[in-house]
Amino acid sequence: MLEYLFDALTPLNLLLALAGVVAGTVIGSLPGLTATMAVAVLVPITFTMPVTSALIMLGAIYTGAIYGGAYAAILLNTPGTPSAIATTFDGYPMAKRGDGDLAITLACIASVVGGLVGAFFLLVLAPPLAKVALAFGPSEYFWLALFGLTLIAALSTGNLIKGLMGGCFGLLLASVGSAAVSGDIRFTFGSTTMIGGIETVSALIGLYCIPVLIDLVAVSGQHLTITGEQRGYRLKEALAISWKSKFNLARSSVIGTFVGILPGAGGSIAGLVAYNEARRAARDSSKFGHGAPEGVQATESANNATVGGGFVPTLVLGIPGTPPDAVILGALLVHGLRIGPDMFNSEGSIVYTFIFGLIIATLLMLPAGLIIGRYAYKSIITVPKALLVPTVAFMTLIGAYSIRNSVSDVFIMLVLGGLSWILNRFGFSPSPIVLGLILGSIAEEGFVQSWTIGAATENLFGTFFGRPISMTIIAMIAMGMFYPLISKRIQLKRLQKETME
Amino acid sequence: MSTSVSSEKVKLTTKRDIGGIVCAALFILIGAACFYETTQMTDPDSYVFPRMVISGLMILSFILIVTSLSKPGTAETEEIPGKNRPSTPRRVLLVATLLGVTLLMPIIGFVLSGLGAFIALMLLAQYEPWNKTKMALYIIVSVAIVGGFYGAFSYLLHVPLPEGVLFQSL
């Protein structure tokens, strides 16, 4: 293990980790730009790097962007990224009473703690899970892909049917171009643009970045005023508060890690769940919402813990835990890596060096995050929209092009981006489409191979439903499908009980 | 820089999910077109899985249409945008500009199309009036950013960005 740590500590990897944290923090701190977008627009830079360094940089961008969202949440009452929504609840009241600097330092410490806990769980949980996953056959992979889709459909905003429809549409998009098994050309409708299929990363850039740009250009830049005067880092005070609420930090980080492991449930859900738990467990919950440091700590530790947690299904099964993981997964495919449980044996050095790199990047976030918050944040938020929009748009063009040196990919990226914006307006979230697009080949390969085996052994039913692991995953799919109904019923009962009281 | 829309009033409306119904109908049409294409395929490995997915998409779309039409409209609060009402023409122009430069990219090359897109989007995203100094400064920044990216991708990352057939033939 120590050799992987030293591999992660090379000057190049350290530099890339620092650059990634800084770039991610800057992009994440801009209201309107998400962590997924930060990873998506910067992903092409990593294509010529060694795969480990590329992974470390992408992980650092991701972790930095999640933390960066806290600046705007605390100082502007506008979450920089959706994962910082719950940070506004107490961060902004803290800033209003003159404790904005303290809130930022607390958020930074909490983010580092959460990030480290998430990375620790990744290091501990992923290898044994990979051993279990080695027993998976084609049918298990097929059911697993369906499980990922149903779970994201159930957890994403909007209703379950729309989520599932988005997932099916993503699966259909994944089958455009050359067929995974037979090699036939499908669903191009005679167009040469689509003959190469839909490139995952450029599609992801379109689905996640173009809608953000469309909304960004539609409204004039609001006058952003920073609340509260900043006096300094207040590090000692923040460390003392953090030590006092160590259980809150630990609980929230664990919540964040496990929410991150669930496919599709990202930092925003983790932050809100951890915030609610912190409020429920507090001796005096009335302080929450009025500037309680525990609220900021709970949210920030949980959302950064999703980074490590999300990498567990991403690296073990090839199913992205969070939307930025989907982009990173796509980037790894561009690097020619076959993601899955085998990777822990065949490419162990890459995986473990990356995990240590992620830990190092998280530690680097403490000085980098504090310095950016203290000195650079005011300049970052005053970047005029007239320069921000074309810069981001230009990055999407060059990024989508450079993956396969193809103008067709840029065209597809833009069309999917426009479509994603329209669908999102009518309640179709982009995440199920993305997951369908990513899981398409896994699901199809698993399905066709199982079908072939079943037909050859004249036991089609047994091939799909006869294995214990398959049955467990099918049971989990059923639970995922009924989760929204169950949770609605529980909420209704709770509401009725409250009304009665 | 925020994407949020300032609202001045909130009104209560009764709404049916017309957008969802239209999208579902569109998915049914796409599904039907794709299903028809699968009938031209001869290898079962090519069409079995897509047919399953298409069937799923069409059934779910049908369920969405039926449930949306059978349910009475739901009461919803709707924000009435205030002064900062989102501009639909700017949204359309953004997408049109990006599509336009993508079509022009193989003809006039990456640098010119990229610079054109940058300046067009800069004008599109600017809401306040321009003055000469600001305009000159922003154009210098545009050239620097496009040139910087072109240099980085062409010479450091060795990405062969399109030169444009117009210039190749000169």
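Two residues count as being in contact when their C-beta atoms, placed from the backbone, lie within 7 Å. Keep that cut-off in mind for the packing stops on this tour of a predicted model.

**Stop 1: helix 14 of chain A**

Select residues 323-334 of chain A, which is helix 14. The buried residues of this helix pack against helix 3 (35-42), helix 4 (51-75), helix 9, helix 13 (293-317) and helix 19 of chain A, so colour those five if you like. Of the 12 residues in helix 14 of chain A, 10 are buried, so the helix is largely enclosed by the rest of the structure. The buried set includes A:Pro323, A:Pro324, A:Asp325 and A:Gly330. Now check the length: at 1.5 Å a residue, 12 residues should span 16 Å, and the end C-alpha atoms sit 17 Å apart, which agrees. Then step on to A:Gly336, which follows helix 14 of chain A and has a positive phi, near 85 degrees.

**Stop 2: zoom out to chain A**

Show the whole of chain A as a cartoon, and you get 21 helices and two strands. Its radius of gyration is 22 Å, close to the 23 Å that the globule rule gives for 501 residues, so the chain is as compact as a globular protein of that length. Along the principal axes, the C-alpha trace of chain A spans about 70 × 55 × 50 Å. Buried residues account for 63% of the 501 in chain A. Among contacts in chain A between residues at least 6 apart in sequence, 80% join residues at least 24 apart.

**Stop 3: helices 5 and 6**

Pick residues 85-96 of chain A, helix 5, together with helix 6 of chain A; their axes come within 7 Å and cross at roughly 145 degrees. Turn on side chains where the pair meets: A:Thr87, A:Gly91, A:Met94 and A:Ala95 from helix 5 of chain A face A:Gly100, A:Leu102, A:Ala103 and A:Ala107 from helix 6 of chain A. By class, that contact has five nonpolar, three polar and no charged residues.

**Stop 4: the nonpolar core**

Which residues touch the most other members of the largest nonpolar core? Select A:Val39, A:Ile74 and A:Leu213; the core they belong to has 209 residues. Helix 6 (residues 100-133) of chain A gives the most to this core, with 18 residues. In soluble globular proteins, nonpolar side chains tend to be buried together. Now centre on A:Leu213, which touches A:Val389, A:Val392 and A:Ala393, and also B:Leu94 across in the other chain.

**Stop 5: where A meets B**

Bring up both chains: the contact takes 60 residues from chain A and 59 residues from chain B. On the chain A side, the elements that give two or more residues are helix 8 (160-174), helix 9 (200-218), helix 17 (385-404), helix 18 (407-425) and helix 19 (430-456). Helix 17 of chain A supplies the largest share, 12 residues. Colour the chain A side by class and you should find 40 nonpolar, 13 polar and seven charged residues.

**Last stop: A:Ala179**

Finally, go to the loop between strand 1 (177-178) and strand 2 (185-186) of chain A and click A:Ala179. Is this residue buried or exposed? A:Ala179 has 23 other C-beta atoms within 10 Å, so it is buried, the cut-off being 20 or more. Leaving out residues up to four places away in sequence, A:Ala179 touches A:Asp184 and A:Arg186, along with B:Asp45 and B:Ser46. For one last distance, try A:Ala179 to A:Gly197: 18 residues apart along the chain, their C-alpha atoms are separated by 9.2 Å.

Conventions:
Residues numbered from 1 in each chain as written. Chains lettered and ligands numbered in written order. Helix = DSSP H or I, 4+ residues; strand = E, 2+ residues; numbered from the N terminus. Nonpolar A, V, L, I, M, F, W, Y, C, P; charged D, E, K, R; others polar. Core = buried A, V, L, I, M, F, W, Y, C linked by C-beta atoms within 7 Å. Rg over C-alpha atoms; globule rule 2.2 N^0.38 Å. Axes fitted to C-alpha atoms, helices over the stretch in contact; angles between N-to-C directions. Expected span 1.5 Å × (residues − 1).
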